[in-house]
Amino acid sequence: MKNQPLSLFAFDVFAPSHLTSGSWRAEGDQGHRYTDLKYWTGVARMLEDASFDGIFFADNVGYHDVYRGNGDAALRDAAQFPINDPTVLISGMAAVTEHLTFGVTCSATYEPPYLLARKYSSLDHLTNGRIGWNIVTSYSEAAARNLGREQQLTPEERYDMADEYMDVVYKLWEGSFEEDAVVRDAASATYIDPAKVHQINHAGTHFTVPGFHLCEPSPQRTPVLFQAGSSSRGLAFGGKHAEAVFIQSTNLEGAKRTAAKVRQSVADAGRDPGDVKIVILLTVVVAPTDEEAQAKYRKAVGNAPVEGILARFSGWTGVDMSQYELDTPLRSVGTKASQSMVDMFSKADPDRDWTPRQIAEFLAVGGTGASIVGSPETVAAELRRWRDEADIDGVNLSYTTKPGSWEEFIELALPVLRAQGLVSPARAEGQEPVTLREKLFGQKRTLDSHPATAHRARHLAAAAR
């Protein structure tokens, strides 16, 4: 049983709305201000003042156009669309905070490793080590079509490429610059000692990167590495490379099974299972009483248009849900794809004969993540169960309205969670900032068991010879 405080991250996208369909319709929702930097700096200050550990940005370089074969339903409901590049937000949010950290999603399928390494080194410098990279390989056919591929690579192909991708960025981040390469010696007119900067000479199946890194070493060198793959290949990739794994489950038992698979994948990669933090997606709907919270939840479900929900779900699964009548039990539909969806939901509630309408109702708030609904005391009791029984280390906190849901959580739930030791105490006045990795693991650089450390050790040894 765990007794450590949970890490606490807000969870969002650089878009009007994210997982809760119709959230933009709710009274007081500020999602339409997503293009206003002042909105985001205000959110950053709010989270900083509440001593959140960080904010985690999902991203997708495609869009949901599977439902009815077009993007109409997704566009009507602002279903994770329009969506901007979250990396450009971070400097502004970092400038008004000292302690808040940032997890940012970027695709290893569509961005060259040489450029991604520069992007995250730049962010690590400008945040003073408060940056993490959520590694994705991208599932969207729309992304593939618009980024120069006739069709999406298979999962196996994407992970093969991602494995080599990681080798490239580790070499750039860890092995190209020696620690004392930047000398700034005016007397010898030398800013950087050329003898201490090394070409990586990478020539592989997917990438050829002969030169050296464009950036001097940043506080963490390698950003904290998040990953969220749930397939067997995705789990193996995360077991090898991830420092934190983002999971989602419709219920506690499913989360427990997934967490066990994650820990086993880390052990299979020769690492200590405790060397990876598990962060779960949850949506908390809190009010002074359980009855008020339930009413608030029902209102959010009522705000969610069925087609907007199914547009998201069709995009996530690649199956056009418009081909099924809303009240047709999916168990009676004989396709393999729909059967896999039935299996996923039957584990959440085996007594139901799931229909598309019921799935839409389930997904309305928080998508495929679970929701905790109740008074502050109920929320605390449920979070304790998730922490202790599901073996999780942190929470990505989604919302029904933004930033209202986080404001309510901070006002109502957070004091109770702190009093019970479920999250870390409020930050002491004058407390020195630390890097994201120090928050999670107590040190700036990757743990000894991590493959990035091996790259650092090899290059430093070669430089010493």
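These are my notes on one strand and one helix pair in a predicted model.

**Strand S3**

I started with S3, which spans residues 101–107. I looked up its burial and found 7 of its 7 residues buried, so the strand is mostly covered, taking buried as under 20% relative accessible area. I then split the strand by face. In a regular strand the side chains alternate between the two faces of the sheet. On one side of S3 I listed Thr101, Gly103, Thr105 and Ser107, and on the other Phe102, Val104 and Cys106. Every residue in both sets is buried, and I noted both faces as covered.

**Neighbours of S3**

Next I checked the pairing. S2 (residues 54–57) runs parallel to S3, with 4 bridges between them. S4 (residues 131–136) is also parallel to S3, and I recorded 6 bridges there. I used Val104 as a reference point across the three strands: Phe57 stands opposite Val104, and in S4 the bridge partner of Val104 is Trp133. I followed the chain from S3 to S4 and passed through helix H4, residues 113–126. I logged this β-α-β crossover as right-handed.

**Helices H8 and H13**

I then turned to H8 (residues 252–268) and H13 (residues 376–390). Their axes come within 9 Å and cross at roughly 35 degrees. I entered the crossing as right-handed. For the contact, I noted Leu252, Ala255, Lys256 and Ala259 on the H8 side. They meet Arg385, Trp386, Glu389 and Ala390 of H13. I sorted the residues of this contact by class and got 5 nonpolar, 3 charged and no polar.

Definitions and conventions: Residues are numbered from 1 along each chain as its sequence is written. This is a predicted model: local features need pLDDT of at least 70, side-chain atom pairs count only at pLDDT 80 or more; totals for chains, interfaces and linings use all residues. Side-chain values use heavy atoms; hydrogens and water are left out. Axes are lines fitted to C-alpha atoms, for helices over the stretch in contact, and angles run from 0 to 180 degrees between N-to-C directions. Helices (H or I, at least four residues) and strands (E, at least two) are DSSP runs, numbered from the N terminus. A crossing is left-handed if the near helix is turned anticlockwise from the far one by less than a right angle, and right-handed if clockwise. Contact means heavy atoms within 4.5 Å. Ala, Val, Leu, Ile, Met, Phe, Trp, Tyr, Cys and Pro count as nonpolar, Asp, Glu, Lys and Arg as charged, and the others, Gly among them, as polar. Buried means under 20% relative accessible area, exposed over 50%, partly exposed in between (1.4 Å probe, protein chains only). Two strands pair if DSSP finds at least two bridges between them. A crossover is right-handed if, with the strands pointing away from the viewer, the path from the first strand over the helix to the second runs clockwise.
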